[in-house]
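Visitor: I should like a close look at a single part of this model, together with whatever packs around it. Please take one element and then place it within the rest.

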Amino acid sequence: MVDRFIEMGFPAEKVRKALEHAGGEQDEEEAVLECLVAHQETDLSTDIDGFSSSSEGVDMADFDDKVLGAELTEKDKKFLYLVEMGFVEDEVSSSIDICGEHESVEVLADAIYAAQVDKRGRSYGRNFADVELPADEAIGTSGGVKRKNVGDPLGNKRRPHNKQFGQVDGAFCSGPVVGFDLPNESTSTSSRKISVIAEGPPYFYFESLACSRQSVRDESRFPYGIQPEFVDSKHFSAATRERSYIHNLPTLGRFHINPTQPKTIHGVFPETAKWWPAWDTRTQFNCFRTMTAPATVFKKMRLALTKCHDHQVYRKKILDDCKEWNLIWVGLKNVAALEPGEVEKVLGLPRDHTRGLNRTDRYYCLGNSVQVDTLLYHFSVLKAMFPSGIRVLSLFSGIGGAEVALDQLGVHLKVVVSTEFSEMNRNIVRTWWDQSRQTGELIQIDDVQRLKGDYLETLVRRVGGFDLIIGGSPCIGGNGYYLVGKELEQSSVFSHYSRILEQVKQVMRRM
């Protein structure tokens, strides 16, 4: 039992302490797992509450929390928090002015990070895979001052790169995207080693934000020591979306479902070509955000568009905004944001998948959605493996992109147990299930924490076990941190996923 938990990535010392804590209880293995997961979450929350004693810059330990809370407005708290994360004050102020002081810290951090990348011209209008950053720029600087990565705001020291990663060490910041059997990519690898303990069934598949070169940890930080697969959805669609996938699915024998989606903007929206100026060199969209361009952007652009023929500076400003907000040309000197239905099309979702919500909510849901065509390619190996149907446990389902991918693949969904906190997202999944005339059973659960102990075991036995356990995090973790490496391991989302995965495996071994 000790060896199994160590293979899962838990430190040996913590495993021994958890065993002592369990003290020979009934269902000792489950008790040990819950203790290990709880310890991870406690470690993380301790750091977050104090902004980490190791953080550079302002020492939050010098502040009295009660006095601070009484004197500072909500806007001031967000400002200080973002500055403490490593952003410079001008960036933070600009983000709050553009997005609004009522936006969450996650959204503000996302906007700052996007602006930084855009400023360097590294990703917007060009793909990360086509760009080679110097080692000292892989994790950005602001205003000439080196800052901490958004993905590691607590300032934790980074471990040396593990050379066993090979190409993964280069990830997106240097060289091509790494993937197993990527379509039409001679640089992709074709095989990998998976330990016996990690083999399916059940198969598992977890999506997270892609690690940058300096964010990659040694393999022991990932479940069962599995090497993540790094993929950019530009290979499958007209939009860049870099993600890492931790899974034990076979990688050989993948195939496309025809017809494949166009991989250029004009391929998806051919009517825009006649209005597209030659100096706008974009061929693909950037990763979709959880909001659309604010009115102030269009107000400034209208002025710039009247003068863009006179001076190169105006063209650059227009192009910068078009890249940042994924704007398209819909007329002579006229740009517009993509409608929610158009975003659905690029993401590979069914038409009107989010219809019925207001525009703001639709953009938010779609900004956190998976790119369905990417999952279609990964899941294609399941079609022959489960000809009579598949039983799926979908954790943090969002708007059901993974379920849509399996359905488009032609895999019968015998049972889907879906956990999702958002009632809005649950309604979207239920509506799709009914409208697509699924004949299987959809069980929706609003709180992932219910999946434990007797309740989880009864559920697993009722459905006959699970063939596939899917999970994923939104673009930014619940605490505002990009979920990579150790942060991924300690995130609440991934802790729940790891716990449930192992408990399901334990129940299925006893069945």
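Guide: Let us take helix H15, which H13 passes in a right-handed crossing; a crossing bears that name if the near helix is turned clockwise from the far one by less than a right angle, and is left-handed if the turn is anticlockwise. The model is predicted, so local features are reported only at a pLDDT of at least 70 and side-chain atom pairs only at 80 or more, whereas totals for chains, interfaces and linings use all residues. Residues are numbered from 1 along each chain as its sequence is written, and side-chain values rest on heavy atoms, with hydrogens and water left out. Helices (H or I, at least four residues) and strands (E, at least two) are DSSP runs numbered from the N terminus.

H13 spans residues 372–379 and H15 residues 401–409; they pack at an angle of about 55°, with their axes 9 Å apart. H13 is therefore oblique to H15, the class for angles that are not under 35 degrees (roughly parallel), over 145 (roughly antiparallel) or 65 to 115 (roughly perpendicular). The axes here are lines fitted to C-alpha atoms, for helices over the stretch in contact, and angles run from 0 to 180 degrees between N-to-C directions. On the H13 side, Val372, Leu375, Leu376 and Phe379 make the contact, and H15 contributes Gly401, Ala402, Val404, Ala405, Leu406, Gln408 and Leu409. By class, this contact holds 9 nonpolar, 2 polar and no charged residues; Ala, Val, Leu, Ile, Met, Phe, Trp, Tyr, Cys and Pro count as nonpolar, Asp, Glu, Lys and Arg as charged, and the others, Gly among them, as polar.

H15 is largely enclosed by the rest of the structure, because 7 of its 9 residues are buried. Buried means under 20% relative accessible area, exposed over 50%, and partly exposed in between, with a 1.4 Å probe and protein chains only. The buried residues of H15 are Gly401, Ala402, Glu403, Val404, Ala405, Leu406 and Leu409. Their cover includes H13, helix H14 (382–385), strand S8 (390–395), strand S9 (413–419), helix H16 (423–435) and strand S11 (468–472); contact means heavy atoms within 4.5 Å.

The backbone on either side of H15 also deserves attention. Phe396 lies in the loop between S8 and H15 and has a positive phi of about 55° although it is not a glycine. Its relative accessibility of 23% makes Phe396 partly exposed. On the other side, H15 is followed by Gly410, with a positive phi near 90°. Most residues other than glycine have a negative phi, and most peptide bonds are trans.

Asn326 offers a parallel case of backbone geometry, with a positive phi near 55° in a residue other than glycine. Asn326 is placed in the loop between H10 and strand S6 (327–331), and it is buried, at 4% relative accessible area. Elsewhere, the peptide bond from Asn258 to Pro259 is cis, with omega near 0°; Pro259 belongs to the loop between strand S5 (242–247) and helix H8 (265–268).

Two further helix pairs may be set beside H13 and H15. Helix H9 (residues 295–305) and helix H10 (residues 312–325) have axes that come within 9 Å and cross at roughly 150°, and H9 passes H10 in a left-handed crossing. Val297, Met301, Ala304 and Leu305 of H9 meet Tyr314, Ile318, Asp321, Cys322 and Trp325 of H10, giving 8 nonpolar, no polar and 1 charged residues. Cys322 is buried, with a relative accessible area of 0%.

For helix H11 (residues 340–347) and helix H12 (residues 359–367), the axes come within 10 Å and cross at roughly 15°, which means that H11 is roughly parallel to H12. This crossing is left-handed. Pro340, Gly341, Val343, Glu344 and Leu347 of H11 meet Arg359, Arg362, Tyr363 and Leu366 of H12, and the contact divides into 5 nonpolar, 1 polar and 3 charged residues.

As a setting for H15, the protein chain has 19 helices and 11 strands, and buried residues make up 55% of its 511 residues. Of the contacts in the chain with a separation of 6 or more, 73% come from residues 24 or more positions apart.
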